[in-house]
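Q: I would like a close look at a single part of this structure, set out in one connected answer. Please begin with the packing of one pair of elements and then move to the residues around it.

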Amino acid sequence: MSSSNPKLDKRFVYQEFGNGISPALERAVECGIQDLPPNHQNVRVQATRAGRKGKTVTIITGFQTKPENLAALLKQLKTQCSTGGTVKENEIEIQGDHKQKVLEILIKLGYKAKISGG
């Protein structure tokens, strides 16, 4: 009993970890990051000057969300802090020392945020 489709000919006697084709696994691999609601994310806010030629930058780390959501949050933070910023490697960087202001904004938005470092 052989069919013309080679995918249908594969029969597994035993497979410990699945075949890797399940829809749930495909979705997890596609996005790479879980999109958690703000109240489930532990976010850290810190100001640093390391590697920036003496310029202070406020860095927000710990996000577990999609890049589109980070871009929207960045725009809101830049507007409310009246400064520039960017998203790099799932972190938000805001120009200048805005730890307290950013912390207040994130808490109002529902994030579990804390100031990290000195």
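Is the crossing of helix 3 and helix 4 right-handed or left-handed?

A: The model is a predicted one, and in it the crossing of helix 3 and helix 4 is right-handed. Two packed helices are described by the angle between their axes and the distance between the axes. Here helix 3, which covers residues 67-81, packs against helix 4, residues 99-108, at an angle of about 130 degrees, and the two axes lie 11 Å apart. Helix 3 is therefore oblique to helix 4, because an angle of about 130 degrees falls neither over 145, as a roughly antiparallel pair would require, nor in the range of 65 to 115 that counts as roughly perpendicular.

The contact itself is made by Leu73, Leu77, Gln80 and Cys81 on the side of helix 3, which meet Lys101, Val102, Ile105 and Leu106 on the side of helix 4. Sorted by class, this contact of helix 3 with helix 4 comprises six nonpolar residues, one polar residue and one charged residue. Gln76 also belongs to helix 3, and its C-alpha atom is separated by 9.2 Å from that of Ile105, a residue 29 positions away along the chain. Gln76 has a relative accessibility of 31% and so counts as partly exposed, since this value lies between the limits of 20% and 50%.

Thr65 sits in the loop between strand 2 (57-61) and helix 3. With a relative accessibility of 4%, Thr65 counts as buried, because the value is under 20%. The side chain of Thr65 makes a polar contact with the side chain of Asp35 at 2.7 Å, and another with the side chain of Asn69 at 2.8 Å.

On the other side of helix 3 in sequence, Ser82 is found in the loop between helix 3 and strand 3 (85-88). Ser82 has a phi near 55 degrees, which is a positive value in a residue other than glycine, and at 67% relative accessibility Ser82 counts as exposed.

Glu93, in strand 4 (residues 91-95), also has a link to helix 3, in that Leu74 is among the residues that Glu93 touches when those up to four places away in sequence are not counted. The others in that set are Arg52, Val57, Thr58, Ile59, Gly84, Gly85, Thr86 and Lys88. Glu93 counts as buried at 12% relative accessibility, and the side chain of Glu93 makes a polar contact with the side chain of Arg52 at 3.1 Å. Lys53, located in the loop between strand 1 (42-48) and strand 2, has a positive phi of about 55 degrees although it is not a glycine. Lys53 counts as exposed, with a relative accessibility of 84%.

As for the setting of this part, the protein chain holds four helices and five strands, which follow one another along the sequence in the pattern α-α-β-β-α-β-β-α-β. Of the 118 residues in the protein chain, 22% are buried. Among contacts in the protein chain with a separation of 6 or more, 51% are between residues 24 or more positions apart.

Note on methods:
Residues numbered from 1 in each chain as written. Predicted model: local features only at pLDDT ≥ 70, side-chain atom pairs only at ≥ 80, totals over all residues. Heavy atoms only, no water. Axes fitted to C-alpha atoms, helices over the stretch in contact; angles between N-to-C directions. Helix = DSSP H or I, 4+ residues; strand = E, 2+ residues; numbered from the N terminus. Parallel < 35°, antiparallel > 145°, perpendicular 65-115°, else oblique. Left-handed = near helix turned anticlockwise from the far one by under 90°. Contact = heavy atoms within 4.5 Å. Nonpolar A, V, L, I, M, F, W, Y, C, P; charged D, E, K, R; others polar. Buried < 20%, exposed > 50% of the residue type's maximum accessible area, 1.4 Å probe, protein only. Polar contact = N/O pair within 3.5 Å; in protein donor to acceptor, adjacent residues only side chain to side chain.
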